[in-house]
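I opened this model to practise looking things up by residue. My entries follow in the order I made them.

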Amino acid sequence: MKIVAFDQRTDEWLAWRKLGVTASEAAIIMNESPYMTPWRLWAEKVGLAEPDDLSKNPFVQYGIEHEDVARREFEDRHPGEVALPICAESEEVPIMRASFDGVISLKRPVELKCPSTKVFNEVLEQGTDSEAYKLYWHQVQHQMYVSGASEGYLVFYHEGRDLQVFRIDRDDDYIERLVKKAQEFFELVMKRKAPEKDPERDILIPTGHQAEIWVEASETIKFYDADIKAYQKKIEEAKEKRREAEATLKQLLGNFHTAEYNGVRVHRYIREGKVNFKAFLEDNHPDADISKLEAYKEQGTEVFRITVTDNVLPVWSRDESALDEVEEIRDDHEQSMFW
């Protein structure tokens with residue numbers, strides 16, 4: 001590997017990462033990340049999407065603050081080893097890059113994670129079957145390719161708890177697929193050719209004729225949404241006045257169950273409550289597997305939630321051409337409505 005002299009989390013480091021595929025992006029490239037899709041990563045690489053600002057995330061802050069502590073504890077458990085935090089790229093495929101939390105003898109990577117209590121407990125209970133281990137396994141494999149090591153370490157630290165250390169063997173078959181996928185992905189980045197979107201996870205941003213139809217329909221929604229909000233305000237005011245009058249009638253009812261006068265009837269009755277089947281099973285059948293209740297749920301129905309926002313494009317979008325296109329279509333739409 002070729003070591004590069006960048007301090008992590010600096011502007012130079014961020015620019016270097018953007019010009020390659022990093023170890024933390026391995027799971028994304030392999031479409032195994034629950035947090036990001038290949039398309040979204042591509043959009044960030046080409047400057048069409050703004051990366052999420054995680055600087056104020058308490059879990060991210062905790063990880064940064066405790067990384068050195070975790071590194072020292074790992075070194076204490078491995079006498080004679082020094083986990084050097086370095087940045088490097090593969091000499092064979094330079095786009096393969098890694099910011100190592102630590103590299104010990106035989107170029108073995110040490111990846112340090114300082115997760116939340118919940119995630120740490122899952123790692124403690126489930127080990128290699130935990131979601132965190134499965135996710136970061138990709139990262140360690142990527143790092144082993146960059147460094148040329150035959151094994152690496154994935155370490156989970158939590159203050160006041162026993163360090164969880166997993167030794168991971170190099171998987172050459174996986175690495176071969178990873179490098180190929182990374183090269184194909186980065187070629188798309190260089191050509192600014194978008195990878196296929198995931199319909200369930202990525203956002204549709206209409207273009208061309210589809211954009212024209214969308215603008216016409218969305219402008220109609222926004223126009224009537226303003227009317228609906230005004231009506232709803234009046235309705236809420238009317239409901240509040242009705243509730244005040246209802247309270248007066250309830251008070252006048254006294255001990256009677258029914259009253260009727262001046263075109264209004266008031267009837268008092270008891271509505272039976274719903275049965276809490278989960279609590280019933282827990283109290284009467286403590287050995288029952290509550291999770292099996294999910295199998296008795298009725299089939300869900302498809303629901304659309306349409307919300308009016310103040311944004312022309314998603315807040316993370318930096319696609320100036322898409323912004324220009326929607327503004328042009330909106331101008332044409334307004335002119336056509338006026339004339």
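**Coiled-coil stretch.** I began with the UniProt record, an unreviewed entry, which marks residues 221–255 as "coiled-coil region". UniProt positions are in the numbering used here, feature names are shortened, and annotations may be inferred rather than shown by experiment. I looked up the make-up of residues 221–255: the chain there is 94% helix and 0% strand. The C-alpha atoms at its two ends lie 49 Å apart. Helices (H or I, at least four residues) and strands (E, at least two) are DSSP runs, numbered from the N terminus.

**Ground rules.** This is a predicted model, so I noted that local features need pLDDT of at least 70 and side-chain atom pairs count only at pLDDT 80 or more, while totals for chains, interfaces and linings use all residues. Residues are numbered from 1 along each chain as its sequence is written, and side-chain values use heavy atoms, with hydrogens and water left out.

**Annotated domain.** Next I checked the other UniProt feature. The record, again an unreviewed entry, puts "domain: YqaJ viral recombinase" at residues 12–149. Over residues 12–149 I read 48% helix and 13% strand. The end C-alpha atoms of this stretch are 26 Å apart.

**Largest nonpolar core.** Which residues have the most contacts inside the largest nonpolar core? I found Trp-42 and Met-96, in a core of 45 residues. A nonpolar core is a set of buried Ala, Val, Leu, Ile, Met, Phe, Trp, Tyr and Cys residues joined through side-chain atoms within 4.5 Å. Buried means under 20% relative accessible area, exposed over 50%, and partly exposed in between (1.4 Å probe, protein chains only). The elements that each supply at least two residues of this core include α3 (38–45), β4 (96–99), α6 (131–147) and α7 (172–191). The largest share, eight residues, comes from α7. I also noted another core that lies apart from this one. That one has 12 residues, among them Ala-70, Phe-74, Ile-104 and Tyr-153.

**Met-96.** I listed the contacts of Met-96, leaving aside neighbours within four places in sequence. Contact means heavy atoms within 4.5 Å. Among the partners of Met-96 are Val-21, His-142, Tyr-145, Leu-178 and Ala-182.

**Glu-44.** Is Glu-44 buried or exposed? Glu-44 counts as buried because its relative accessible area is 13%. I placed Glu-44 in helix α3. Beyond neighbours within four places in sequence, Glu-44 is in contact with Lys-18, Met-36, Ala-49, Glu-50, Pro-51 and Asp-52.

**Lys-197.** I found Lys-197 in the loop between α7 and α8. Lys-197 is partly exposed, because its relative accessible area is 29%. Lys-197 and Thr-37 are 160 residues apart in sequence, yet 8.0 Å apart in space, C-alpha to C-alpha. With neighbours within four places in sequence left out, the contacts of Lys-197 are Trp-39, Asp-202, Ile-203, Leu-204 and Ile-205.

**Two positive phi angles.** Most residues other than glycine have a negative phi. I looked for exceptions. Leu-106 has a phi near 65 degrees. Leu-106 sits in the loop between β5 (102–104) and β6 (108–113). Leu-106 counts as exposed because its relative accessibility is 68%. Arg-192 has a phi near 55 degrees, also a positive value. Arg-192 is in the loop between α7 and α8.

**Two stops on α8.** Glu-212 lies in helix α8. Its relative accessibility is 43%, so Glu-212 is partly exposed. The C-alpha atoms of Glu-212 and Glu-328 are 9.7 Å apart, with their positions 116 residues apart along the chain. Ile-235 also lies in helix α8. Ile-235 is 53 residues from Ala-182 along the chain, and their C-alpha atoms are separated by 56 Å.

**Second largest pocket.** How many residues line the second largest pocket? I counted 28, of which Trp-214, Ser-218, Thr-309, Asn-311 and Val-312 lie nearest its centre. The elements giving two or more residues to this lining are α8 (208–253) and α10 (320–338). α8 gives the most, with eight residues. A pocket here is an open set of points on a 1 Å grid over the protein atoms alone, where a 1.4 Å probe fits, with protein on both sides within 12 Å along at least five of seven lines; lining residues have an atom within 4 Å of a point.
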